[in-house]
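The following exchange sets out how several descriptions of a structure are justified. Each answer places a value beside the definition that applies.

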Amino acid sequence: MSKTKPFAISKRAVWEAYRRVKENRGAAGVDRQSLEDYERDLANNLYKLWNRLASGSYFPPPVLAVEIPKAQGGTRRLGVPTVADRIAQTVVKQAFEPCVEPYFHPDSYGYRPGKSALQAVGITRQRCWRYDYLLELDIKGLFDAIDHTLLVRAVNKHTDCRWVRLYLERWLTAPFQQADGVLITRERGTPQGGCVTPPTIERTSYWNFHRASSANA
């Protein structure tokens with residue numbers, strides 16, 4: 001890696017991020033470039049992405065807005081990043097996730113490494129034999145209403161890595177692009193669909209921030 005780069009992001013980190021994106025597959029984003037298209041010039045594409053990330057010049061493109069119907073009615077808007085942006089997000093996730101993973105509650109199973117929905121079902125099955133009640137909570141529009149200022153403060157609480165902070169802030173404000181090409185700016189909330197949201201940012205830092213705030217009140 002060149003010593004002239006301001007951020008110590010290795011080419012190996014970008015390569016490992018690409019491998020994870022390849023395993024997870026995923027749809028094309030606003031540029032309509034599939035993973036197969038991206039791989040046709042893989043070496044050059046990964047080099048350009050590394051160069052921009054390590055130099056601080058990477059700016060995420062808009063995320064493709066896709067409306068998914070909910071079982072209870074209505075729709076949920078997902079944001080589909082481009083292939084290159086998913087790789088970039090994974091680079092940051094690999095650096096940031098170890099900082100926040102220890103703060104998860106033991107009963108938190110969503111979007112965590114080594115955790116799964118099947119494990120959650122298993123522990124729920126065990127507890128159903130011990131308790132005769134069930135509490136179910138749902139925060140309406142949680143991801144659509146997250147305050148960016150609070151979220152950035154929460155991220156900064158867990159890392160002092162400049163490039164992790166920089167790129168997470170840029171992803172927070174990346175606009176949606178609708179199917180007709182219209183861009184929707186975002187001042188609150190985070191799109192569901194990228195690998196850095198919701199697991200790495202919202203479900204960890206946001207709640208850890210509020211838990212710390214409550215403890216210090």
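Q: What makes two strands count as paired in this predicted model?
A: Two strands pair if DSSP finds at least two bridges between them. On that basis, four strands of this predicted model form an open sheet with mixed pairing, in the order β2-β1-β3-β4. The edge strands are β2 (75-80) and β4 (183-184), each of which pairs on one side only.

Q: How do you know that β1 and β2 pair?
A: Six bridges link strand β1 (residues 63-69) to β2, in the antiparallel sense. The definition asks for at least two bridges, so β1 and β2 count as paired. P69, for instance, has T75 in β2 as its bridge partner.

Q: How do you know that the span of helix α4 agrees with its number of residues?
A: Helix α4 (residues 83-100) has 18 residues, which should span 26 Å at 1.5 Å a residue. The end C-alpha atoms are 25 Å apart, and this agrees with the expected span. A kink of about 35 degrees lies at Q94 in α4, shortly before the proline P98.

Q: Why is α4 called largely enclosed?
A: A residue is buried when its relative accessible area is under 20%. In α4, 13 of the 18 residues are buried, so the helix is largely enclosed by the rest of the structure.

Q: Why is L135 called exposed?
A: The relative accessible area of L135 is 74%, and exposed means over 50%; therefore L135 is exposed. L135 lies in the loop between α5 (117-128) and α6 (142-145).

Q: What makes up the nonpolar surface patch that includes L135?
A: Y131, Y133 and L135 make this patch, which has an area of about 410 Å².

Conventions. Residues are numbered from 1 along each chain as its sequence is written. This is a predicted model: local features need pLDDT of at least 70, side-chain atom pairs count only at pLDDT 80 or more; totals for chains, interfaces and linings use all residues. Side-chain values use heavy atoms; hydrogens and water are left out. The expected span of a helix is 1.5 Å times one less than its number of residues. The bend at a residue is the angle between axes fitted to the seven residues ending there and the seven starting there. Buried means under 20% relative accessible area, exposed over 50%, partly exposed in between (1.4 Å probe, protein chains only). Patches are made of residues with over 30% relative accessible area and no salt bridge: like charges are joined within 9 Å, nonpolar side chains (Val, Leu, Ile, Met, Phe, Trp, Tyr) within 5 Å. Accessible areas come from the Shrake-Rupley method with a 1.4 Å probe; for residues, only the protein chains shown count as cover. A salt bridge is a side-chain nitrogen of Lys or Arg within 4 Å of a carboxyl oxygen of Asp or Glu.
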